[in-house]
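Open the model in your viewer and keep a selection box ready. Each stop below names what to select and what to look for there.

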Amino acid sequence: MSEQFELRYVQGHVEVYDGSGEFCFSADTWSEAESELNEMLAA
């Protein structure tokens with residue numbers, strides 16, 4: 001099953017939410033958020 005995630009800019013940082021709208025984590029930049037998300041999905 002493939003989960004969908006949403007990345008949002010919020011007050012100068014990026015927040016990542018899962019497909020049900022639950023907060024997962026935040027990052028300083030869009031690329032950092034994508035990298036952390038890829039690591040999380042690979043685990």
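Select S35 first. S35 sits in helix α1; helices here are DSSP runs of H or I with at least four residues, strands are E runs of at least two, and both are numbered from the N terminus. S35 is partly exposed, with a relative accessible area of 36%. On this scale buried means under 20% relative accessible area, exposed means over 50%, and partly exposed lies in between (1.4 Å probe, protein chains only). Now add G19 and draw a distance. The C-alpha atoms of S35 and G19 are separated by 18 Å, with their positions 16 residues apart along the chain.

A word on the source. This is a predicted model, so local features need pLDDT of at least 70 and side-chain atom pairs count only at pLDDT 80 or more, while totals for chains, interfaces and linings use all residues. Residues are numbered from 1 along each chain as its sequence is written, and side-chain values use heavy atoms, with hydrogens and water left out.

**Whole chain**

Zoom out and switch to cartoon. The protein chain has 1 helix and 3 strands. Their order along the sequence is β-β-β-α. The C-alpha trace spans about 30 × 20 × 10 Å along its principal axes. Of the 43 residues, 23% are buried. Turn on the surface: the chain exposes about 3300 Å², and carbon and sulfur atoms supply 46% of that. These areas come from the Shrake-Rupley method with a 1.4 Å probe; for residues, only the protein chains shown count as cover.

**The core**

Which residues make up the largest nonpolar core? Select L7, V14, V16, F25, A27, A33 and L37; these 7 residues form it. A nonpolar core is a set of buried Ala, Val, Leu, Ile, Met, Phe, Trp, Tyr and Cys residues joined through side-chain atoms within 4.5 Å. β2 (13-18), β3 (23-27) and α1 (30-42) each give two or more residues to this core. In soluble globular proteins, nonpolar side chains tend to be buried together.

Stay on F25. Beyond its neighbours within four places in sequence, F25 is in contact (heavy atoms within 4.5 Å) with V14, E15, V16, A33, E36, L37 and M40.

**Two acids in β2**

Next, pick E15, in strand β2. E15 is buried but has no salt bridge. Its nearest side chain of opposite charge is R8, 5.7 Å away. A salt bridge needs a side-chain nitrogen of Lys or Arg within 4 Å of a carboxyl oxygen of Asp or Glu. For charge, Lys and Arg count as positive and Asp and Glu as negative; His and the chain ends are not counted.

Show the polar contacts of E15. Its side chain meets the side chain of H13 at 3.0 Å and that of Y17 at 2.4 Å. A polar contact is a pair of N or O atoms within 3.5 Å; within protein, one must be able to donate a hydrogen and the other to accept it, and residues adjacent in sequence count only if both atoms are side-chain atoms. Leaving out neighbours within four places, E15 touches E6, L7, R8, V10, F23, F25 and S26.

Move along β2 to D18. D18 is also buried without a salt bridge, and R8 is the nearest side chain of opposite charge at 8.3 Å. The side chains of D18 and S20 share a polar contact of 2.9 Å. Apart from neighbours within four places, D18 is in contact with E3, Q4, F5 and C24.

**Salt bridge**

Where is the 1 salt bridge of the structure? Select E6 and R8: their closest N and O atoms are 3.2 Å apart. E6 is partly exposed at 42% relative accessible area. R8 is partly exposed too, at 32%.

**Last stops**

Go to C24 in strand β3. C24 is partly exposed, at 30% relative accessibility. Beyond four places in sequence, C24 touches F5, V16, Y17 and D18. C24 and F5 are 19 residues apart in sequence and 9.2 Å apart, C-alpha to C-alpha.

Finish at Q11, in the loop between β1 (5-10) and β2. Check its backbone: Q11 has a positive phi of about 45°, although it is not a glycine. Most residues other than glycine have a negative phi. Q11 is exposed, with a relative accessible area of 80%.
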